[in-house]
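Reader: Could you zoom in on one part with me and then show how it fits into the rest? I'd like to start with disulfides: what does the count come to, and why are some cysteines left out, if any are?

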Amino acid sequence: ITFMCAYFSYSLSQLLDLSGIVSLFFCGVMLSHYNLYNLSEGAQVSAKLTFKTMAFVAESFVFLYLGIVAAVSIGEKTSTWNFGFIGISMAGCLVGRAMNVFPMAYLSNRCTPTRKRLDCKKQVMMWLSGLRGAISFALAMTIPCPEGNEACEQNVRVIITTTIFIIFFTTIFLGSTIEPLAL
């Protein structure tokens, strides 16, 4: 029933041309807040393990697909790697994320007791850890383009290859720098 509630939320949002990702996020928040405590102890453990397993399998498939697309796009003559655009996009992601994390952490620290405040290491970890993900890749893959519009198709290829580079860079390079911050 828990799974069907999440699936119904996603289906309804897609039917109404709304964001399925946002719908699933809020459905998950509501289910974890209200539904989990209404389950027996055994059912809680089962639900947590089932959803963790499903999340792991789904994430594995997405990164497998990302790897296949990356490997194919590197060897393809039709792929477009624009390193100037990649650099500007990477800088935009880093600056935009910093402009969100650090002011929000400052406001949070102003409203919380001293022992619960976010120190500088945690803020940097939050800044670096939020820059990767399969959602951006999925969104880049679904950019609509009219049939036969070569300029649009070229731009979509640039966006896809840029997204692939940013995901790999932030996952491998920035992800490896987060561990020392967490210790």
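Author: Let's begin with the rule: two cysteine sulfur atoms count as a disulfide when they lie within 2.5 Å of each other. In general terms, a disulfide is a covalent bond between the sulfur atoms of two cysteines. By that rule, the count here is 1 disulfide. Before we look at it, a word on what you're seeing: this is a predicted model, where local features need pLDDT of at least 70 and side-chain atom pairs count only at pLDDT 80 or more, while totals for chains, interfaces and linings use all residues. Residues are numbered from 1 along each chain as its sequence is written, and side-chain values use heavy atoms, with hydrogens and water left out.

The bond joins Cys145 to Cys152, with 2.1 Å from S to S. How covered are its two ends? Here you need three words: buried means under 20% relative accessible area, exposed means over 50%, and partly exposed is in between (1.4 Å probe, protein chains only). Cys145 comes out as partly exposed, at 29%, whereas Cys152 is buried, at 18%.

Now for cysteines outside that bond. Why doesn't Cys111 pair up with Cys120? Because the closest cysteine sulfur to that of Cys111 is the one in Cys120, and at 19 Å it is too far for a bond. Seen from Cys120, the closest sulfur is in Cys111, again 19 Å away and too far. Both count as exposed: Cys111 has a relative accessibility of 69% and Cys120 one of 58%.

Back to Cys152, since it leads us inwards. It belongs to the largest nonpolar core, a group of 10 residues that also includes Leu66, Val69, Phe137, Val156 and Ile164. A nonpolar core, by the way, is a set of buried Ala, Val, Leu, Ile, Met, Phe, Trp, Tyr and Cys residues joined through side-chain atoms within 4.5 Å. Helices α3 (41–75), α6 (134–141) and α7 (150–182) each supply at least two residues of this core, and α7 gives the most, with 5. Helices and strands here are DSSP runs numbered from the N terminus: at least four residues of H or I for a helix, at least two of E for a strand.

Look at Ile164 in that core. Leaving aside residues up to four places away in sequence, Ile164 touches Leu66, Val69, Ala70, Ser73, Trp81 and Phe137, where contact means heavy atoms within 4.5 Å. There is also a second, separate core of 5 residues, including Met90, Leu128, Ile166 and Ile178. Gly67, found in helix α3, is 97 residues from Ile164 along the chain, yet their C-alpha atoms are separated by 8.8 Å. Gly67 is partly exposed, at 27%.

Over to the aromatic rings. Rings of Phe, Tyr and Trp (its six-membered ring) pair if their centres lie within 6.5 Å; planes under 30 degrees apart are stacked, over 60 edge-to-face, and the rest tilted. The whole structure has 6 such pairs. One of them, Phe102 with Trp127, is tilted, at 5.8 Å centre to centre and 55° between the planes. Phe102 lies in helix α4 (residues 83–111) and Trp127 in helix α5 (residues 120–129), so the pair ties together parts 25 residues apart in sequence. Phe102 also touches Gln123, whose other contacts include Val101, Ala105, Asn109 and Leu118. Gln123 is found in helix α5 and is buried, at 13%.

Finally, step back. The protein chain has 7 helices and 0 strands. Its radius of gyration is 20 Å, well over the 16 Å that the globule rule gives for 183 residues, so the chain is more spread out than a compact globule. That radius is taken over C-alpha atoms, and the rule is 2.2 Å times the number of residues to the power 0.38. Of the 183 residues, 23% count as buried.
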